[in-house]
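Biologist: Before relying on the terms used for a binding site, I should like to hear the grounds for each of them. Could we go through them one by one?

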Amino acid sequence: MPLKFKVRKAREEDIPDVMKINMESLPENYWYGFYKHLLDNWGEAFLVAEINGELVGYAMSRVEDQGDPVLLGYESEIEEGGGESLMRKLFKALRMTELKPVGHLVSIAVRPPYRRIGIGSKLLEETIKVMREFYKAESIYLEVRISNAPAIKLYEKFGFKKARIVKGYYADGEDAYIMVRKLR
Ligand SMILES: CC(C)(COP(=O)(O)OP(=O)(O)OC[C@H]1O[C@@H](n2cnc3c(N)ncnc32)[C@H](O)[C@@H]1OP(=O)(O)O)[C@@H](O)C(=O)NCCC(=O)NCCS
């Protein structure tokens, strides 16, 4: 029988378990206050997955006012290629002044024994929904290691597109893709 999991909003007492899942799943780790800050400010988008009362995954995000056309999902630096015309630069500069709320998926992870049964998908689906409906975000974006094929596959499944490469983004020097999904 497939394992039954439930996705719900996180509470403050979940933070230590979320930190444990983060530590065992990713090299990017954060201090308690960082989690608390996300929970206090964007609690609708701080989600946990549980199985029989045990936390097995999380997704946490924030909302940023952004004017960057790539993060807003208006254009990609990866798929378009080629040089930029003067008109295009001007157009971009004008749009830069218009700030809109954009969701930023800061971190998502599922405990290794519980992967590949749809928990990551459910966490991502709910995050997208909350960003669109509750925070009225124009788009949602995230950073991912260029070598992290499972995560990239998951994001592509949910309509995220590679939009920018950030050279040496991670502490060990690995590059990141910024992946974006437009929400409106
Ligand atoms: C990325 C992660 C959150 C996915 O969670 P999950 O619960 O296993 O995801 P799902 O079961 O919902 O998988 C959804 C889809 O993602 C893709 N996927 C997930 N794991 C994969 C893997 N190991 N290899 C290839 N594709 C994979 C598949 O397309 C999968 O759909 P399918 O099972 O129908 O083929 C999980 O692998 C994880 O915690 N990784 C470590 C932390 C991490 O890298 N986080 C992302 C940082 S940017």
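Modeller: What follows is a discussion of the ligand and its surroundings in this predicted model.

Biologist: How do you know that the ligand sits in the largest pocket?

Modeller: The term requires that more than half of a molecule's atoms lie within 2 Å of the grid points of the pocket. The ligand is assigned to the largest pocket, so it meets that condition.

Biologist: What makes the approach of S121 to the ligand a polar contact?

Modeller: An N or O atom in the S121 side chain is 2.5 Å from an oxygen atom of the ligand. The limit for such a pair is 3.5 Å, so the pair qualifies. G120 also qualifies, but through its backbone: an N or O atom there lies 2.7 Å from a ligand oxygen. For R115, a polar side-chain atom is 3.3 Å from an oxygen atom of the ligand, again within the limit of 3.5 Å.

Biologist: How much of the ligand's accessible area does the protein cover?

Modeller: On its own the ligand has 920 Å² of accessible area, and the protein covers 79% of this.

Biologist: Which residues come nearest to the ligand, and which element gives the largest share of its shell?

Modeller: The ligand is surrounded by 21 residues, with R116, G120, S121, N148 and K157 coming nearest. The largest share is that of α5, with six residues. At least two shell residues come from each of β4 (100–110), α4 (119–133), β5 (139–145) and α5 (149–157). By class, the shell holds eleven nonpolar, five polar and five charged residues.

Biologist: What lines the largest pocket, and what is its volume?

Modeller: Its volume is about 1,000 Å³. The lining comprises 34 residues, and I108, N148, A151, L154 and Y155 lie nearest the centre of the pocket. Two or more lining residues are given by each of β4, α4, β5 and α5. The lining divides into 19 nonpolar, seven polar and eight charged residues.

Conventions
Residues are numbered from 1 along each chain as its sequence is written. This is a predicted model: local features need pLDDT of at least 70, side-chain atom pairs count only at pLDDT 80 or more; totals for chains, interfaces and linings use all residues. Side-chain values use heavy atoms; hydrogens and water are left out. A residue is near a molecule or strand if one of its heavy atoms lies within 4 Å of it. A polar contact is a pair of N or O atoms within 3.5 Å; within protein, one must be able to donate a hydrogen and the other to accept it, and residues adjacent in sequence count only if both atoms are side-chain atoms. Accessible areas come from the Shrake-Rupley method with a 1.4 Å probe; for residues, only the protein chains shown count as cover. On a 1 Å grid over the protein atoms alone, a cavity is a set of points where a 1.4 Å probe fits but cannot get out, and a pocket is an open set with protein on both sides within 12 Å along at least five of seven lines; lining residues have an atom within 4 Å of a point. Helices (H or I, at least four residues) and strands (E, at least two) are DSSP runs, numbered from the N terminus. Ala, Val, Leu, Ile, Met, Phe, Trp, Tyr, Cys and Pro count as nonpolar, Asp, Glu, Lys and Arg as charged, and the others, Gly among them, as polar. Grid points are joined across faces, edges and corners, and a volume is the space filled by probe spheres set on the points.
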